[in-house]
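I opened the notebook to write down what I look up, one item at a time. Here is what I'm working from.

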Amino acid sequence: MNRMSRRTALGALAGASAALSLPHVARANTPLKGLSHRQPSLEFYAKAISSAVPGSPVDMTLIPADKAVELQTLTLSQGSDAYDILWVNDTQLMKYAKNGWLQPIDDLWARYRAEFKLDDYPASVLDSYRYDGKLYAVPSSVNGMFYFYRQDLFDAKGYKPPSTFDEWLKIAEGLHSPAMSGAVVNMKRIDAALNEAHYYMNAFGDGWFGAKWKPIFNNDKGVAAIERLKSLTKFAQRAYASSANDEAMIAFQQGLGATGLQWFSRAGAMDDAQKSRVAGKIAWAVPPGGKQRIVVDGFAISKFSKQDRDLQFRILATAMNEPNQRAIASDSIPSRASVLNDAELHKKFRHYPAALSAIQAGKAYPALPEFVECGDFITLRIQQALAGEMGVKQALDTAAREVSELLAKRGY
Amino acid sequence: MNTHRGLVWFLAPSLLVLLAMLVYPLGYALYLSLFDFYLPSNAPKFIGVGNYLALLGEARFWSAVYNTFVIVMASVALEFCLGLALAVGLYKLRFGAHGLMVVLFVPHIITPVVAALFLRWIFVGQWGLIDATFWPLGIFTPDWLGDPIWAKVTVVLADAWKATPFMMLVLYAGLQSLDQSLIEAATVDGANGRQLLFRVVLPLMRPIILFVVSIRIMDAFRFFDTIYVLTGGGPGTATETLTLYTYSVGFSRLEVGKASALGVVTLLIVLGLISAFVSFIYRRERGRF
Amino acid sequence: MKTRQVLLFLALAAATFVSLIPVLWAILTSFKQPVDAFTIPPTLVFSPTAEFHYQIWFEKGFWTFLVNSMVIAVSTVCISVPIGTMAAYALSRIETPQTRALLMVILAVRMFPHMLLALPFFVMASMLKLFDTYAIMIMALVAINQPFTIWLMRSFLVDVPRELDEAACIDGCNVWQTFVKVIVPAVRPGIVVTSLFSLLLAYNEFLFALVLTGAKTKTLPVAISEYGGEDITYWSLSAAGAVGIMLPILLFMVFVQRHLIRGLTMGAVKG
């Protein structure tokens with residue numbers, strides 16, 4: 001290319017980009033916009049939302065959970081209508097509702113009850129989407145953690161799924177080798193570590209808080225609970241402190257992990273031979289003592305949305321109707337009773353029976369809108385205890401003090 | 001002499017953009033750093049220098065400062081040595097140097113978010129490329145991300161992987177622009193290779209060294225994506241740097257006031273470092289940097 | 001002498017290979033089925049699949065994001081480099097304590113953690129009703145790019161002898177004509193180098209793009225980050241995306257290679 005033509009090309013490029021960089025003229029009919037976390041079942045629901053009501057497409061943005069929460073917080077705190085429809089789980093919902101960022105939908109729920117067979121949702125599922133007595137979101141699925149284990153290895157050594165922690169510890173020790181982690185532990189901050197700690201604190205401690213949100217997780221039972229976690233990490237995979245769900249999933253799929261807590265939504269993929277070397281070899285159970293985390297996923301409407309709220313509700317209710325929940329049942333446990341209790345599905349997906357028991361045995365996060373913020377302190381201190389930077393007691397005492405200060409500042 | 005009459009106006013467009021886009025955000029951050037501001041509350045409370053005092057009294061802050069210094073110093077030093085070695089090598093090579101340089105530059109062009117992921121696939125335990133290659137041979141590699149010391153080393157290696165090409169390119173340019181007659185004179189005087197490098201070449205390259213090292217220090221202080229993806233600050237607090245701590249305060253806990261104070265403190269530390277560095281290198285030619 | 005050259009070449013080639021391992025590994029990953037991607041020992045022989053590359057570009061709409069990225073990156077360079085060069089020219093010729101202080105202040109912007117600029121940028125975008133437009137993204141990137149552009153261009157410009165300016169002045173040029181006709185041609189290689197670094201910064205920027213762009217202006221780095229995690233299939237997609245995002249820049253590098261070397265060898269970045 002000679003100099004002249006290159007210059008012309010550059011000029012044309014600059015001109016074109018200048019023309020393109022003009023602000024988009026707002027169209028009369030602005031499409032709805034949504035923001036969700038991306039995982040297979042939510043991706044399915046995002047597609048369902050985009051095509052739920054003909055003529056009302058929704059632009060769904062799907063990003064990893066931490067980024068989704070950041071972006072939601074940033075835009076909502078500024079009262080922005082950048083997103084109309086928001087993926088939420090029960091913990092976020094409380095926080096957003098407390099800050100006045102979501103629209104209560106009780107009236108819509110009543111209006112469309114018959115049309116969308118909304119009575120099909122169990123009361124327990126809906127309760128986790130209420131804040132201050134008001135309902136804020138349409139649930140898509142129930143998710144929770146349960147105990148993944150290698151059936152073939154257990155059979156070979158005559159192990160049964162453990163009913164106490166000490167049994168689990170023995171099994172982990174018995175199966176541990178450099179090529180096989182006895183337990184897959186995920187302590188990456190904040191999310192994965194808080195999930196993991198939640199189980200220990202509730203199954204073996206007295207839970208996180210006492211009356212009036214006073215931290216009690218640093219009492220003797222709480223310390224003993226985290227000591228248990230610490231004893232299990234002897235048989236954990238390398239660098240468990242920076243491991244999260246993805247790493248755990250690869251470890252199981254590549255046959256490198258024998259036991260561990262992981263989500264329902266990741267169980268189906270264990271049997272997919274394109275992704276997994278252990279198809280058919282993994283089985284599931286309720287972890288010793290239960291009380292592992294359960295959570296409800298769903299979608300809410302932003303308080304700042306300027307779009308028709310009836311339309312948005314109808315979009316959500318359509319997207320989460322019975323046929324759709326059935327269609328994605330391999331990757332998510334349905335929230336509607338009619339699908340959840342369908343015996344056909346229980347036969348079709350191996351993990352369903354264990355998942356249903358795990359829902360019964362599980363425990364949601366405390367109903368504290370600031371819990372994840374507290375988790376920032378808690379998980380850091382627990383990580384320090386696991387890394388040997390401080391003792392477990394000292395770590396939990398420090399975290400309890402920090403959490404008390406934080407909650408005092410928030411008006412508790 | 002009015003050669004440059006009206007030249008001051010040349011600053012206008014750039015300063016206008018900087019004013020429009022950065023004075024507000026920087027000023028806003030400075031202003032917020034004086035408030036106790038929990039983002040969702042929308043009710044900032046003025047507390048003067050309270051955030052700064054709180055930070056100075058925190059063990060976690062000082063641990064972050066310490067980690068940042070260790071990681072920044074180690075990675076900039078490593079990048080400088082590697083970059084210089086590569087640059088000198090390329091300078092001496094009489095064939096294929098330009099081709100090799102373009103290929104060596106590739107790690108620098110990779111989008112940071114993606115680069116961090118690439119490195120995770122290399123360093124992660126068990127199924128990461130290094131472990132997966134050596135374990136079947138019976139060679140047990142260090143616990144790259146799980147051991148407090150190795151985690152720091154890995155983070156430094158990761159930064160070096162990404163930034164050495166930049167160092168190399170600029171230092172190579174510096175070598176090319178050296179006055180050949182000085183080098184020839186030294187050779188005639190009987191200087192050997194090492195003497196030539198340390199007594200003649202490096203002193204001549206002071207200005208370029210200043211430029212790259214300063215830019216790298218600034219960028220390394222803002223180093224975030226890679227650490228976040230590789231170790232998330234762990235194990236414990238072994239790799240929690242100032243930016244990771246800022247993220248934790250500002251994005252996880254939404255304490256925007258305190259996070260802004262952390263940003264201002266970071267800025268002051270870097271500014272101090274760079275000023276010291278500039279005045280050290282130009283102690284005889286004040287003001288000309 | 002000849003053997004030493006060959007040894008030197010081999011040493012440098014080895015270094016090049018080592019530094020390329022993560023990239024090569026990612027390229028291999030992008031052609032594998034997830035089950036083969038992370039095995040022990042690593043799988044080197046497999047039946048390659050272009051499925052993920054196809055999905056990224058044709059089903060997930062990466063073409064649109066590439067166009068957005070290009071528009072934003074090219075516009076940023078087209079604005080940032082000219083105005084930065086002008087400012088750098090002024091700063092290289094007017095040497096007073098004020099201009100030196102100004103240089104330091106401009107540089108301070110590069111020292112501030114960018115994540116703290118995300119919120120104010122978003123506030124500005126909402127106030128100006130520019131959220132999800134090219135304009136706000138370009139403005140933000142131009143501003144973020146200015147310190148580096150000015151500093152790098154200034155180091156090229158201080159090396160241009162002032163006699164050139166004076167000669168042009170005597171020939172009757174005003175300061176603008178001097179700049180355009182004499183100074184810019186003299187530092188053209190420097191401009192190429194500066195443009196490359198600015199382009200890299202603008203093309204790869206993630207945080208501001210995440211906050212300031214929406215469905216209409218989403219850029220490639222944001223699009224790729226959307227596949228980070230949750231399901232192992234996404235990792236193959238991110239590998240394919242990551243390889244895809246490198247190609248345009250790589251092509252550009254090869255295209256400007258000659259200018260780059262010349263730019264870097266004309267006594268650049270001398271301070």
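**Entry 1: the core**

I went for the largest nonpolar core first: it has 312 residues, and A:Ile49, C:Ala140 and C:Leu212 touch the most other members. Domain 1 (32-143 + 295-361) and domain 2 (144-293 + 366-409) of chain A both put residues into this core, so it lies between them. Note to self: this is a predicted model.

Next I asked what A:Ile49 is in contact with, leaving aside its neighbours within four places in sequence. My list reads A:Gly34, A:Val58, A:Met60, A:Ile85, A:Ile315, A:Leu316 and A:Ala319. I'll meet A:Gly34 and A:Ile85 again below, where they stand opposite each other.

**Entry 2: strands of chain A**

I started with β1 (residues 32-37) and β2 (residues 58-63) of chain A, which pair in the parallel sense over six bridges. To get from β1(A) to β2(A), the chain passes through helix α2 (residues 40-50) of chain A, and this β-α-β crossover is right-handed. For one pair, I noted that A:Lys33 has A:Asp59 in β2(A) as its bridge partner. Is β2(A) mostly covered or not? It is mostly covered, with five of its six residues buried.

Then I moved to strand β3 (residues 85-89) of chain A. Five of its five residues are buried, so the strand is largely enclosed by the rest of the structure. Which way do its residues point? A:Ile85, A:Trp87 and A:Asn89 point one way, A:Leu86 and A:Val88 the other way, and all are buried.

I also checked what β3(A) pairs with. Two bridges link it to β1(A), and these two strands run parallel. Here A:Gly34 sits opposite A:Ile85. Strand β9 (residues 294-301) of chain A is joined to β3(A) by five bridges, and this time the strands run antiparallel. A:Ile85 turns up again here, standing opposite A:Ile301 in β9(A).

**Entry 3: where the two domains of chain A meet**

I looked up how far apart the domain centres are: 27 Å separate the centres of domain 1 and domain 2 of chain A, taken over C-alpha atoms. The contact takes 24 residues from domain 1 of chain A and 20 residues from domain 2 of chain A. On the domain 1 side, the elements giving two or more residues are α3 (65-77), α4 (90-98), β6 and α16 of chain A. Which one gives the most? That's α16(A), with six residues.

So I took a look at α16 (residues 352-361) of chain A itself, whose buried residues are A:Tyr352, A:Ala355 and A:Ala358. Seen down the helix axis, these buried residues fall within an arc of 120 degrees, so they line one face of α16(A). They pack against β6 (137-150), β10 (333-334) and α15 (343-348) of chain A.

**Entry 4: over to chain C**

Chain C also gave two residues to my first entry, C:Ala140 and C:Leu212. I counted up its secondary structure: 13 helices and zero strands. Its C-alpha atoms fill a box of roughly 70 × 65 × 30 Å, taken along the principal axes. What share of its 271 residues is buried? The figure is 54%. Last check: among chain C contacts between residues at least 6 apart in sequence, 78% join residues at least 24 apart.

Note on methods: Residues numbered from 1 in each chain as written. Chains lettered and ligands numbered in written order. Predicted model: local features only at pLDDT ≥ 70, side-chain atom pairs only at ≥ 80, totals over all residues. Helix = DSSP H or I, 4+ residues; strand = E, 2+ residues; numbered from the N terminus. Buried ≥ 20, exposed ≤ 12 C-beta atoms within 10 Å, placed from the backbone. Contact = placed C-beta atoms within 7 Å. Core = buried A, V, L, I, M, F, W, Y, C linked by C-beta atoms within 7 Å. Domains from an automatic or database assignment. Arc of directions from axis to C-beta. Pairing = 2+ DSSP bridges. Right-handed = clockwise from strand over helix to strand, strands pointing away.
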